[in-house]
Amino acid sequence: MMTNSTTKVYDEALQERVRKYMKDTGLSQNKLAPRIGMSGASLSNYMNCKMDGSVEGIESRLREFLQQESEAAAVQVQVAPYKLDETYKPTSISEDVYQSIRYAQINRTLVMLHGDAGAGKTKAAVKYYRDNPQSTIYIRLDPSMSGLAGVGELLGAALDIPAVSSSKQMWQAIRARLRGTNKVIIVDEAQLLKRAPMDELRILPDEDEVNEVPGNGVVLIGNSELYERVKKGKITTQAYTRIGLQRAYSTMRLTNEDVKLLFPMFSGEEQSKELKLIASVCRSQHSIRTAKHIVKNAIRNEDISYEGLRAAAASTPVGRI
């Protein structure tokens, strides 16, 4: 233990654990602090034994955080041999999504990609953004940020546009910042879009014919509710007529090779029975996400056999299979 001039007692071993965690993860104090629910200044003061407030409170948070991280790391160690990770996998669906985004960017058109949740649409979009960070804007909506102001705020932040006093000014600034660039705008969870931001997004691909300046590609990604709303005119008929490409994705179309990419532990001939079971879950209404939960449960139970998978499924929405 360490004490400072005001007799506060600091847990030196805990401070050393925090330093090691930051070194191992590459996180700075400013990036680590929000994850623990504190400011960078508070964490810095604690690490330098200069706390004004309660040392015990911060140390309690730190111990809880490090314990949770330790348990999560242990799970990753257990799963690692099975190569069941969350990185991008080039399945037939995710590769089609990737190429459709490229189509939108090159042809500067509106593309709508919709279908089953968990099919790989988002992972493909994020992969595209990471591969093309200078020319791709990626935003993901939530219900509180799906109106004109919210979408404008998200796009403005992604484009490094300073805050302005009104949504009208923000969208004018967005159009000005995009004009003449080759950027593609990807909007994920786009089924949440309200009519007003949809109207703004649909005109971004339009060419400025007077100045002969091309527009920008826009990709809307969501579930099939998105396409149905646009098709039936519940958002705006003009958006439907501007769609240059629309693709519908169903997990029912996943191939066995796709499933093997996602679950490499079942790629051998001797695992054909297990592969068939997991493939059936992937292609059902439960999708890839639930299949991953089943496999993780089976790994935790140290039994990824056919019977082990059936038992693991019982604790998921799939139930006994």
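In this predicted model, Asp-11 caps the N-terminal end of helix α1, with a side-chain oxygen 3.1 Å from the backbone nitrogen of Ala-13. The helix that begins in this way is described here first, followed by the largest pocket and two backbone angles.

**Helix α1**

Helix α1 comprises the 14 residues 12–25. At 1.5 Å a residue these should span 20 Å, and the end C-alpha atoms are 20 Å apart, so the expected span and the model agree. Beyond the helix comes Gly-26, whose phi is positive, near 75°.

Five side chains deserve attention in α1: Leu-14, Gln-15, Val-18, Tyr-21 and Met-22 are its buried residues. Because they cover an arc of only 120° around the axis, they lie on the same side of α1. An α-helix has 3.6 residues a turn, so residues three or four places apart point the same way. The other side of α1 carries the exposed residues Ala-13, Lys-20, Lys-23 and Asp-24. Ala-13 thus appears twice in this account: its backbone nitrogen is the partner of the Asp-11 side chain, and the residue is exposed.

The buried residues of α1 pack against one strand segment, β2 (9–10), and against the helices α2 (29–36), α3 (40–47) and α4 (55–79).

**The largest pocket**

The largest pocket has a volume of about 510 Å³. It is lined by 26 residues, of which Gly-118, Ala-119, Gly-120, Thr-122 and Arg-289 are the closest to its centre. Two or more lining residues come from each of α6 (121–131), β6 (217–222) and α14 (287–300). The greatest contribution to the lining is that of α14, with 5 residues.

**Positive phi outside glycine**

Arg-108 and Glu-189 are residues other than glycine with positive phi, as set out below.

| Residue | Phi | Loop | Relative accessible area |
|---|---|---|---|
| Arg-108 | near 50° | between α5 (92–107) and β3 (110–115) | 25% |
| Glu-189 | near 60° | between β5 (184–188) and α9 (195–202) | 21% |

Residues count as buried under 20% relative accessible area and as exposed over 50%. Arg-108, at 25%, is therefore partly exposed. Glu-189, at 21%, is likewise partly exposed. Arg-108 belongs to a loop that leads from a helix, α5, to a strand, β3, whereas the loop of Glu-189 leads from a strand, β5, to a helix, α9.

Terms used
Residues numbered from 1 in each chain as written. Predicted model: local features only at pLDDT ≥ 70, side-chain atom pairs only at ≥ 80, totals over all residues. Heavy atoms only, no water. Helix = DSSP H or I, 4+ residues; strand = E, 2+ residues; numbered from the N terminus. Expected span 1.5 Å × (residues − 1). Buried < 20%, exposed > 50% of the residue type's maximum accessible area, 1.4 Å probe, protein only. Arc of directions from axis to C-beta. Contact = heavy atoms within 4.5 Å. Polar contact = N/O pair within 3.5 Å; in protein donor to acceptor, adjacent residues only side chain to side chain. 1 Å grid on protein atoms, 1.4 Å probe; cavity = no way out; pocket = protein on both sides within 12 Å on 5 of 7 lines; lining within 4 Å. Points joined across faces, edges and corners; volume = space filled by probe spheres on them.
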